[in-house]
Amino acid sequence: MSQSSRTVLPPDLSGSQPSSPTAQRPLTGFEILSGRATMFGGVSQKLPTLHAPSPTQFGEAAPVPEALPDRLREVDLKMAHERELVVDALEIASYLEADGLSDESLRGRYNAGGLFQAAELLYAQRGSGRALNRLPAAPLPAFPWYMLLRGPLYLMPGLAGLLITRPLGLGAAAAFTFAAAFGWGWSMTISGLRYSEPFAVPGRALRASLWWAGLIGTVGGALTALILDGPDQLLLDALSGGGVALATAASGILLSLGRTGLSAGALGLPLLAAAVVKASSPAEPDPLQVVGSLQAALALQAAAPATTASLVLPLVGLAILTVSPVLAVLHATREPGTLPTTWAVFKPHLRLASYGWAMALTFVGFSLHFGAWSLLPIIVSAGLLEAGVWHSQERLQHAARSLRTLPDLRWRGRVTVPVVAALYGLLVGLSLVLIRVTGLLPQLGGLSVGTQLGVALLGTAFLLSAWLANQRQVALLLVLWSVAAVLTFTAVVPLPVLSLALVLILFLNALSALNDPRSYR
């Protein structure tokens, strides 16, 4: 045992006195700093008791870890990277054993007390477990540009149905409007069914949703015929509503399954037939103006009734619009899946459908006042809207993995979601300005600044609403969009002001939802 670590007893405890003052040995510096000078009576009266300073008293680092034997230091240098990744000394022991350093070799050749003592010594060195405090350097998620095609694919069944049903009369056009609005909400039910069985194709449930869409569209078309055209046009309007509803539902099913190529092929033929119908029809009011303007609808109603010969091409086009997408869906849903077709399966997703129908009514109300052409950028950019919602959620998930504190996470979320929504609304507004300046669509030449601002804000509201729907805020959204639909049809509030109010309400609800850590899943 070394001189500095020997236990020295004071004279009154040892029972023996030093032979002479000269027999007292000189004190070491460690004994003076640690206060052991008081153990020697002769010296304690001359030297004050000194205390070892705290390592952090003057801002210094923690004490230096125990020195390693020379040969063990070589092992430490080789394991520097592994020491950063471990969480305890047992992992270092496993590394030593994997390198062939047994307990005997560490005792004999490396002057260590054995395997576990060597592991403890190595783990006590600075830098061990440092990777636990290091933030993961995960790359930022890329923007899903491939989803941009979904917007035009959503537009294809609606555009084809609009061009085909236009020569069939006002009742058929109204049946088309009902079927398109119904398909807006029903597509959300289809998405819910799809993700209820994400690792397989729930063919049985998706086919049931397709047939239900056709049935409801047929009944809705018949009701519009009774209201607008009378019983004489009952069959024609029922077929128009059922065909458009089947095509819209089929498009939603194919896109939920990720079959974009099959969807484009199945809807390309009806769109070609619709172009033929439009080319063979006499000059009539613009189809989007028929949907988006009450005056144009009344003009179409006052027009001469269509003859039997002029109905042949529209009926053939309607048959193609109905059959082609349905065959594509039957091909894509050959696997029945495990999801049954019971009420319990459909019931959880009907709230989403109700919210979608309320939003569709709001959209129809806006089109009646702004004109359907002014809302065309929102329809075409539906894929961009979905990509924005998807990307914002991916950014939130990335923040949850890379940030350590909840305040930082909430701050990142409060920036990410509103910025993505604002950028989407800005792009919609800029597209309207660009179309107006270039004269690409003459129908948009007379849009006022207030209308452009209202459409841009409506696009922002749609994206915020879609993100909140993913956060299970469906009840709130259903009430909000139902009130907005009533206000748009009654025109109590100017529509640009209504768009701004929708954005503000949804923005505040998004900030509230971002306080919940579950929003970052």
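Two residues are said to be in contact when heavy atoms of theirs lie within 4.5 Å. With that meaning in hand, and leaving aside its neighbours within four places in sequence, T248 is in contact with P157 and G183. T248 is found in helix α12, which runs over residues 234-256, and because its relative accessible area of 18% falls under the 20% that marks the limit for a buried residue, T248 counts as buried. The structure described here is a predicted model, and every value that follows was computed from it.

## The protein as a whole

The protein has 23 helices and 0 strands. Of its 521 residues, 44% count as buried, and its accessible surface comes to about 26,800 Å², of which 66% belongs to carbon and sulfur atoms. Among the contacts between residues at least 6 apart in sequence, 78% join residues at least 24 apart.

## Helix α23 and the helices it packs against

Helix α23 covers residues 495-514, and its length can be checked by a short calculation: at 1.5 Å a residue, its 20 residues should span 28 Å, and the C-alpha atoms at its ends are indeed 28 Å apart, so the expected and the computed span agree. In this reckoning, the 1.5 Å is multiplied by one less than the number of residues.

Which residues of α23 are buried? They are L495, L498, S499, L502, V503, L506, A510, A513 and L514. These residues cover an arc of only 135° around the axis, which means that they lie on the same side of α23. The buried residues of α23 pack against α17 (343-370), α19 (382-402), α20 (406-438), α21 (449-470) and α22 (474-490).

## Residues in α20 and α22

Helix α20, one of the helices that the buried residues of α23 pack against, holds both V420 and L406. V420 is buried, since its relative accessible area is 18%, and, leaving aside its neighbours within four places in sequence, V420 is in contact with G388, S392 and L463. L406, by comparison, is partly exposed, with a relative accessible area of 33%.

T490 lies in helix α22, and because its relative accessibility is 46%, T490 counts as partly exposed. Each of these residues can be paired with another part of the chain, and the table sets out how far apart the partners are in sequence and in space.

| Pair | Separation in sequence | C-alpha to C-alpha distance |
|---|---|---|
| V420 and G388 | 32 residues | 6.4 Å |
| L406 and P517 | 111 residues | 7.9 Å |
| T490 and G365 | 125 residues | 8.9 Å |

## Two salt bridges

How many salt bridges does the structure hold? The structure holds 2 salt bridges. In one of them, the side chains of E386 and R150 meet, with a distance of 2.6 Å from N to O. E386 lies in helix α19 and R150 in helix α9 (residues 150-165), so this pair ties together parts that are 236 residues apart in sequence. E386 is partly exposed, because its relative accessible area is 24%, whereas R150, with a relative accessible area of 15%, is buried.

The side chains of D516 and R518 also meet in a salt bridge, at 2.8 Å from N to O. D516 is partly exposed, with a relative accessible area of 25%, while R518 counts as exposed because its relative accessibility is 55%, which is over the 50% needed for that class.

## A nonpolar patch on the surface

On the surface, W212, L215, V219, L223, L226, I227, L228 and L234 form a nonpolar patch, and together these residues have about 780 Å² of accessible area. Which helix gives the largest share of the nonpolar patch? The largest share, 7 residues, comes from helix α11, which covers residues 203-229.

L215, which lies in helix α11, can serve as an example of a residue in the patch. At 46% relative accessibility, L215 counts as partly exposed, because the partly exposed class takes in the values between the limit for buried residues, under 20%, and the limit for exposed residues, over 50%. A residue also needs over 30% relative accessible area to be taken into a patch, and the 46% of L215 is in keeping with that requirement.

Note on methods
Residues numbered from 1 in each chain as written. Predicted model: local features only at pLDDT ≥ 70, side-chain atom pairs only at ≥ 80, totals over all residues. Heavy atoms only, no water. Patch = residues over 30% accessible without salt bridge, like charges linked within 9 Å, V, L, I, M, F, W, Y side chains within 5 Å. Areas by Shrake-Rupley, 256 points an atom, 1.4 Å probe, with all protein chains shown as cover. Salt bridge = Lys/Arg side-chain N within 4 Å of Asp/Glu carboxyl O. Helix = DSSP H or I, 4+ residues; strand = E, 2+ residues; numbered from the N terminus. Buried < 20%, exposed > 50% of the residue type's maximum accessible area, 1.4 Å probe, protein only. Arc of directions from axis to C-beta.
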